[in-house]
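Student: Could you take me through one helix pair in this model in detail, and tell me how the two helices are arranged and which residues join them?

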Amino acid sequence: MDTFFQQLPIVLHALNVGFLQTLKLFGVTLAGALPLGLAISFGTRSNIKIIKSIFKVIVWIFRGTPLMIQLLIIYYFPGLVMHNAIWGGGEKGRFIAACVAFILNYACYFSEIYRGGIQSIPIGQEEAGLVLGMTKRQIFARVKLLQMIKRIVPPMSNEILTLVKDTSLARIIALQEIIWAGQAFMKGSQGISGAIWPLFFTGIYYLICNGVLTVVLGKIEKKLEFFR
Amino acid sequence: MAILDVEHICKSFGRTEVLKDISFSLEESQVLSIIGSSGSGKTTLLRCLNFLETPDKGTMKIRDKVIFDADAKTNLSEAQIRENRLHFGLVFQSFNLFPQYTALGNVMLARELEAKGRPDYKAKKKEILAEIEAQAKELLTQIGLAERMNNYPHQLSGGQCQRVAIARALAMRPDILCFDEPTSALDPELTGEVLKVIRELAEQKTTMIIVTHEMAFARDVADTAIFMDDGYILEQGNAKELFENPTQERTKQFLRNYQS
């Protein structure tokens, strides 16, 4: 027991550092994928056939293959095949590559949620705006957008909770996120080895994080209940 | 001079001809009612007037100024279409209120957005918005919903929603206000309050085109009437005449079905 209490601060410190990286990856992915997903959803709804097809294929590829493969290819392909390691080496390079892979992957998922949200708004809303002399841009920004947001919050919440857990996949390119940090104590790190309990602790970090997010997202859903 | 001249409008959806050579005119301050069975083209005609559909042939003129000509080579810009369609207002069967805005917000939104394009908007923002709000409140008072102006559409009854939709259309000060079966989505109980508002607008000499299945109302409120069947105008003229002494056998048959 004494050793546990001696090891605890060391482990918690390492996990905190790892979790910070997890949160950074989560935050950057969300900040990038939310707007990019909207842009992709416009692409898949384009009236120009070739643009629509291109975006549909992109979405199909990113949703149809494992995120883990995407991570590996995006990280290693430039260096191994093009002999140009564009991401740079070290933790910073891994982080950038991970962000690119996560943003692209999640933007494709988000785009489908956006598309569903936009398409579920009755055509009468747009027509009412048009006959009142509003431009299409105004109709989107002032009439459809909030209705769309209201509709996509529940499916989006689902994806966001999944994203928190999916960040652990970045472990495959040795990004030093929280799982990587916990696992280090199994192999041996800072004088601690063969310890599996730090891994259990990582689970608690995820639980707390997703608990907070569930509350926040629930509040947003509640806020939008003022209209139907 | 007629306020509206519609000449030889034709419209097809794929192979289905929905409007066949539609011509009519409307005088200022008059009410025109359009009757006919479902699928006869009444709604499509209103949608053409409001530029929600583009006719394949024909012209439309407001006070002798051409606002639509199917043969014109130049495509109208989006801004020009917007300007032309503002000659008309449209009240939909299904209201189509904006759910995230209050009754007042619904009436004000389009005018607020329009005001943003004015060159003096930045300098006189407060006065302009105050004027828009005052006008919206006046309209809501006129339709008897002053007390409900801060309610959201889902907190209003169908009849109240439709009255807000009428106020919203009036806020843009259209030359001609069009109604597309304004009471068809309402319980019989709520129909009366909407018809009353339209009747009051007629008394105030609002120029209106009303597509409706309320025959008694169409006869009473309208100056002229059009009977449409299978995309044609079969009969048009004085409303009382058309309802009481229709000349066409098809019109007689249609009106008989409504009386029984």
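Tutor: What follows looks at one pair of helices, after a short view of the whole chain. This is a predicted model, in which local features need pLDDT of at least 70 and side-chain atom pairs count only at pLDDT 80 or more, while totals for chains, interfaces and linings use all residues. Residues are numbered from 1 along each chain as its sequence is written, and chains are lettered from A and ligands numbered from 1 in the order in which they are written.

Chain A has eight helices and zero strands, these being DSSP runs numbered from the N terminus (H or I, at least four residues, for helices; E, at least two, for strands). Its C-alpha atoms fill a box of roughly 75 × 50 × 25 Å along the principal axes.

The pair consists of helix α7 of chain A, residues 178-187, and helix α8 of chain A, residues 197-223, whose axes come within 8 Å and cross at roughly 160 degrees; such axes are lines fitted to C-alpha atoms over the stretch in contact, with angles from 0 to 180 degrees between N-to-C directions. α7(A) and α8(A) are therefore roughly antiparallel (over 145 degrees). On the α7(A) side the contact, meaning C-beta atoms placed from the backbone and lying within 7 Å, is made by Ile178(A), Ile179(A), Gly182(A), Gln183(A) and Phe185(A), and on the α8(A) side by Pro198(A), Leu199(A), Phe201(A), Thr202(A) and Tyr205(A). These residues divide into seven nonpolar, three polar and no charged, where Ala, Val, Leu, Ile, Met, Phe, Trp, Tyr, Cys and Pro count as nonpolar, Asp, Glu, Lys and Arg as charged, and the others, Gly among them, as polar.

Technical notes
Parallel < 35°, antiparallel > 145°, perpendicular 65-115°, else oblique. Contact = placed C-beta atoms within 7 Å.
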